[in-house]
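Could you walk me through this structure in plain words? I'm new to it and would like to know where to look.

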Amino acid sequence: MPASQPFTFTRPLLVAHRGFRANYPENTMIAFKAGVDAGAQMVELDVHMTRDRELVVIHDDTLDRTTDGKGRVDEHTLSELKKMDAGHWFHPRFAGERIPTLREVLRELSRRALINIEIKSDYGQPRVSSEIEEGVLDLLKREDAFAAVLISSFDPRIIENTKRLNASLPVAFISKSTEGKKTVDFCRGLDVFSFHPNFLSLDKELVKQMHAAGIQVFPYNVNSEPEFQRLIETGADGLITDEPLLFKNWYSRLRATEKTN
Ligand code: G3P
Ligand code: CA
């Protein structure tokens, strides 16, 4: 079993991807609150560092797609980012939404929801420092938020850094593809709490092998009822979705049908 002693959760764990991404501007406070209100036990978010070393919640390493700003996140200060609009691009009614800091999200949500913090890597560049991991862990300590958090990354170096800094913090490896036992062994070597595969690459056998290794499985991004059905049938412990309300309602109907049969 992994060494970490993580949060408790009810199966299936419903994770709202970048908040309630289907209906709200991703990675904004309104999207996170809507995800929790829709019934998600956990919200997933993405973290980058600004030029002045603040941790901000945004998916891309550039501002262009999800704000009215331009250029790289790490070439702007927090005060410059806070002037940008992070909601209007999605719909004019969300004009005025800002890029949240990780601190703001922890303060707002860590007492009422679990938080999956995905630390983005520098996309193929040699990773010279663990500054973001250190910043995240320092913030978790200052905000007393360890109990609510799962750290994830596509980049195994980020997972290793996080484990080195705090061996008991639950971590997750995210992967676009899977290779059976090789993937299980890799996850075991990283001492992860959970594995987050692209949902298309997950099957029953892999879930069984992960469970035998003591690893939970939360596929991403599962966004339709037929996909919910297939993924739940694999035995996955939960799922990451842009559509938390659709899942919540589908699962309630499933349970009601099971009870009457
Ligand atoms: O954690 C799963 C998912 O968030 C990873 O992909 O690109 O949405 O960050 P992405
Ligand atoms: Ca993510």
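Start with Arg-18, which you'll find in the loop between β1 and α1, the helix that spans 29-37. Keep in mind as you look that this is a predicted model. The backbone does something worth noticing here: phi of Arg-18 is near 55°, a positive value in a residue that isn't glycine. A little earlier in the chain there's another backbone detail, since the peptide bond from Arg-11 to Pro-12 is cis, with omega near -5°. Pro-12 itself belongs to the segment before β1, the strand at 13-17.

Now go back to Arg-18 and follow its side chain, where an N or O atom is 2.7 Å from an oxygen atom of ligand 1. Glu-44 has a side-chain N or O atom that is 2.7 Å from an oxygen of ligand 1. For Lys-120, a polar side-chain atom lies 2.7 Å from a ligand 1 oxygen. How much of ligand 1's accessible area does the protein cover? On its own ligand 1 has 290 Å² of accessible area, and the protein covers 91% of that.

Let's look at who else is around. Besides Arg-18, Glu-44 and Lys-120, the residues around ligand 1 are His-17, Asp-46, His-59, Glu-118, Phe-154, Ile-174 and Tyr-220. Sort that shell by type and you get five charged residues, three nonpolar ones and two polar ones.

So what kind of space is the ligand in? Rolling a probe the size of a water molecule over the atoms shows where empty space is left. Ligand 1 turns out to sit in the second largest pocket, which holds about 190 Å³ of space. There are 16 residues lining this pocket, and those nearest its centre are His-17, Glu-44, Glu-118, Phe-154 and Tyr-220. The lining as a whole has seven polar, five charged and four nonpolar residues.

Finally, is there any space closed off inside, and how many cavities of 30 Å³ or more does a search of the whole structure find? It finds one, and the volume of this largest cavity is about 50 Å³. To find it, look for its lining residues, among them Glu-26, Asn-27 and Thr-28, then Val-57, Ile-58 and His-59, and also Ile-99 and Pro-100. That lining is made up of five nonpolar residues, five polar ones and one charged. His-59 links the two places on this tour, as one of the residues around ligand 1 and part of the cavity lining.

Conventions: Residues numbered from 1 in each chain as written. Chains lettered and ligands numbered in written order. Predicted model: local features only at pLDDT ≥ 70, side-chain atom pairs only at ≥ 80, totals over all residues. Heavy atoms only, no water. Near = heavy atom within 4 Å. Polar contact = N/O pair within 3.5 Å; in protein donor to acceptor, adjacent residues only side chain to side chain. Areas by Shrake-Rupley, 256 points an atom, 1.4 Å probe, with all protein chains shown as cover. 1 Å grid on protein atoms, 1.4 Å probe; cavity = no way out; pocket = protein on both sides within 12 Å on 5 of 7 lines; lining within 4 Å. Sits in = over half its atoms within 2 Å of the grid points. Nonpolar A, V, L, I, M, F, W, Y, C, P; charged D, E, K, R; others polar. Points joined across faces, edges and corners; volume = space filled by probe spheres on them. Helix = DSSP H or I, 4+ residues; strand = E, 2+ residues; numbered from the N terminus.
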